[in-house]
Amino acid sequence: MSGSDYGHTHFQRNFPAAVCDAIFTFFAVWLMGKSRFTNNGDVLTASPIPAIAIAAGEWFFYKYLDRHVVDEKRTLFRIK
């Protein structure tokens with residue numbers, strides 16, 4: 001797989017997952033904070049911070065897995 005193909009497939013596979021996890025994290029933090037604290041405004045404004053952090057961490061984690069783990073397994077089990 002060439003370098004340009006790698007970047008394109010990585011983006012296609014991992015961007016939707018990162019966005020979905022960011023949305024899920026936002027709502028999970030917001031709902032848990034809403035049930036725990038009385039001032040919902042502070043929780044609502046603080047919820048995007050962990051959502052962005054989780055999405056960014058997932059993006060780089062799966063980029064690492066694609067480059068270092070998945071390629072090794074593809075070449076290891078390739079049938080000639």
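## Residue I54 and helix α3

I54 has a relative accessible area of 44%, so this residue is partly exposed. The model described here is a predicted one. Within it, I54 belongs to helix α3, an element that covers residues 48–76.

I54 also has a counterpart far along the sequence. The C-alpha atoms of I54 and A18 lie 8.1 Å apart, although 36 residues separate the two along the chain. A further link runs to T25, which has I54 among its contacts beyond its neighbours within four places in sequence.

## Overall architecture and confidence

The protein chain contains three helices and zero strands, and its pattern along the sequence reads α-α-α. Helix α1 spans residues 3–36, helix α2 residues 40–46, and helix α3 residues 48–76. Among contacts between residues at least 6 apart in sequence, 66% join residues at least 24 apart.

The chain has 80 residues, of which 18% count as buried. Its accessible surface amounts to about 6200 Å², and carbon and sulfur atoms account for 69% of that surface.

The mean pLDDT of the chain is 79, with 74% of the residues reaching 70 or more. Confidence is lowest in helix α3, where the mean is 80, and highest in helix α2, where it is 83. Where pLDDT is low, the predicted coordinates should not be read in detail.

## T25: a buried position in helix α1

T25 is part of helix α1. Its relative accessibility is 13%, which lies under 20%, and T25 therefore counts as buried.

The side chain of T25 reaches the backbone oxygen of D21 at a distance of 2.7 Å. When neighbours within four places in sequence are left aside, T25 is in contact with P50, A51 and I54.

## V29 and S47: contacts around the loop

V29 is likewise located in helix α1. With a relative accessibility of 31%, V29 counts as partly exposed. Its C-alpha atom is 8.6 Å from that of L44, a residue 15 places away along the chain. Apart from residues up to four places away in sequence, V29 touches V43, S47 and P50. P50 is thus named among the contacts of V29 and among those of T25.

S47 sits in the loop between α2 and α3. Is this residue buried or exposed? S47 is buried, because its relative accessible area is 0%. A polar atom of the S47 side chain lies 2.7 Å from the backbone oxygen of V43. Residues up to four places away in sequence being excluded, S47 touches F26, V29 and W30. V43 therefore appears twice in this region: V43 is touched by V29, and its backbone oxygen lies 2.7 Å from the S47 side chain, which is buried because the relative accessible area of S47 is 0%.

## A nonpolar patch on the surface

Which residues form a nonpolar patch on the surface? The patch consists of F11, F15, V19, I23, F27 and L31. Together these residues have about 540 Å² of accessible area.

One of the patch members, F15, lies in helix α1. F15 has a relative accessible area of 40% and is therefore partly exposed. Helix α1 thus holds F15, which is partly exposed, as well as T25, which is buried because its relative accessibility is 13%.

Terms used
Residues are numbered from 1 along each chain as its sequence is written. Side-chain values use heavy atoms; hydrogens and water are left out. Patches are made of residues with over 30% relative accessible area and no salt bridge: like charges are joined within 9 Å, nonpolar side chains (Val, Leu, Ile, Met, Phe, Trp, Tyr) within 5 Å. Accessible areas come from the Shrake-Rupley method with a 1.4 Å probe; for residues, only the protein chains shown count as cover. A salt bridge is a side-chain nitrogen of Lys or Arg within 4 Å of a carboxyl oxygen of Asp or Glu. Helices (H or I, at least four residues) and strands (E, at least two) are DSSP runs, numbered from the N terminus. Buried means under 20% relative accessible area, exposed over 50%, partly exposed in between (1.4 Å probe, protein chains only). Contact means heavy atoms within 4.5 Å. A polar contact is a pair of N or O atoms within 3.5 Å; within protein, one must be able to donate a hydrogen and the other to accept it, and residues adjacent in sequence count only if both atoms are side-chain atoms. pLDDT is the predictor's confidence in each residue, from 0 to 100.
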